[in-house]
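Q: I am new to this structure and would like a close look at a single part of it. Please take me through that part slowly, in connected prose.

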Amino acid sequence: MTGYLDPKGHGDRLNQFTLVVPDGQPVGWAMNLLRKPDRPHLSDRVYGPTLMLHLCAAAANENIGIFLYGSIPQVLESLQQNLQDKFPNLTIAGTISPPFRSLTPEEDAEYIQQIKDSGAGIVFIGLGCPRQEAWAFEKSQNLDSALVCVGAAFDFHAGNVPQAPSWMQKFGLEWFFRLLQEPNRLWQRYVLLNPLYLILLSLQLMRLLPLKTPLKKDFS
């Protein structure tokens, strides 16, 4: 929805990413409803926190270092410890908790150099949408590492924020659980954007609204 409402900004960035995955259950359902007959059926969503664990497991097996960028120092400390406990062979090459403000050019250059010097092959970014996608887009030209935006995965895997029960995730109600957990931060996203999402999806299903900007690459 953020990309749709900001097609020349966030939407344009998303269309240039190598891979965009359906993190939300309702997005996965919509992809199946709108898919072309010759396209495969999506059996499940690609959940960011689960994707992060799969990538960490693969990185541990392949001896690829990871870097954690985002959140606050306390969360990063717990996240790092929990990931090491789960994947003893995982190399966490470094962590950065950037300030919650615009970086100075000197700070930005220092952080980029720190990531480069770490030798990490994967950088996980947990800054929240759309800030994390904007950062990944801007830094993709400066870093050779794979940049993976995982949103709330840092808080979940650090044990800082509880995840929705599996049955709520299965039935697409994770948004409601998160709204109850963080109403002040998330009310606008879900109370205003969820109904608009359903309206736009209905218009697409009735062929009254085409895709605003077709993806340059189709990985569905």
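Where is the place of Arg45, and what surrounds that part of the chain?

A: In this predicted model, Arg45 sits in the loop between α3 and α4. Its relative accessibility is 11%, and because buried means under 20% relative accessible area, Arg45 counts as buried. The side chain of Arg45 makes two polar contacts that can be followed in the view: one, of 2.8 Å, is with the side chain of Gln169, and another, of 3.0 Å, is with the side chain of Glu174. When residues up to four places away in sequence are left out, Arg45 touches Gln169 and Glu174 and also Pro22, Asp23, Gly24 and Gln25.

Gln25 leads on to the helix on one side of this loop, since Gln25 belongs to the buried residues of α3 (residues 25–34), together with Gly28, Ala30 and Asn32. These buried residues of α3 pack against α9 (166–170) and α11 (183–205).

On the other side of the loop is α4 (residues 48–62), whose axis comes within 11 Å of the axis of α5 (residues 73–86) and crosses it at roughly 55°, and the two helices are therefore oblique to each other. Their crossing is right-handed. Where they meet, α4 brings Met52, Leu53 and Cys56, while α5 brings Leu79, Leu83 and Lys86; of the residues in this contact, five are nonpolar, none is polar and one is charged.

Methods. Residues are numbered from 1 along each chain as its sequence is written. This is a predicted model: local features need pLDDT of at least 70, side-chain atom pairs count only at pLDDT 80 or more; totals for chains, interfaces and linings use all residues. Side-chain values use heavy atoms; hydrogens and water are left out. Buried means under 20% relative accessible area, exposed over 50%, partly exposed in between (1.4 Å probe, protein chains only). Helices (H or I, at least four residues) and strands (E, at least two) are DSSP runs, numbered from the N terminus. Contact means heavy atoms within 4.5 Å. Axes are lines fitted to C-alpha atoms, for helices over the stretch in contact, and angles run from 0 to 180 degrees between N-to-C directions. Angles under 35 degrees count as roughly parallel, over 145 as roughly antiparallel, 65 to 115 as roughly perpendicular and the rest as oblique. A crossing is left-handed if the near helix is turned anticlockwise from the far one by less than a right angle, and right-handed if clockwise. Ala, Val, Leu, Ile, Met, Phe, Trp, Tyr, Cys and Pro count as nonpolar, Asp, Glu, Lys and Arg as charged, and the others, Gly among them, as polar. A polar contact is a pair of N or O atoms within 3.5 Å; within protein, one must be able to donate a hydrogen and the other to accept it, and residues adjacent in sequence count only if both atoms are side-chain atoms.
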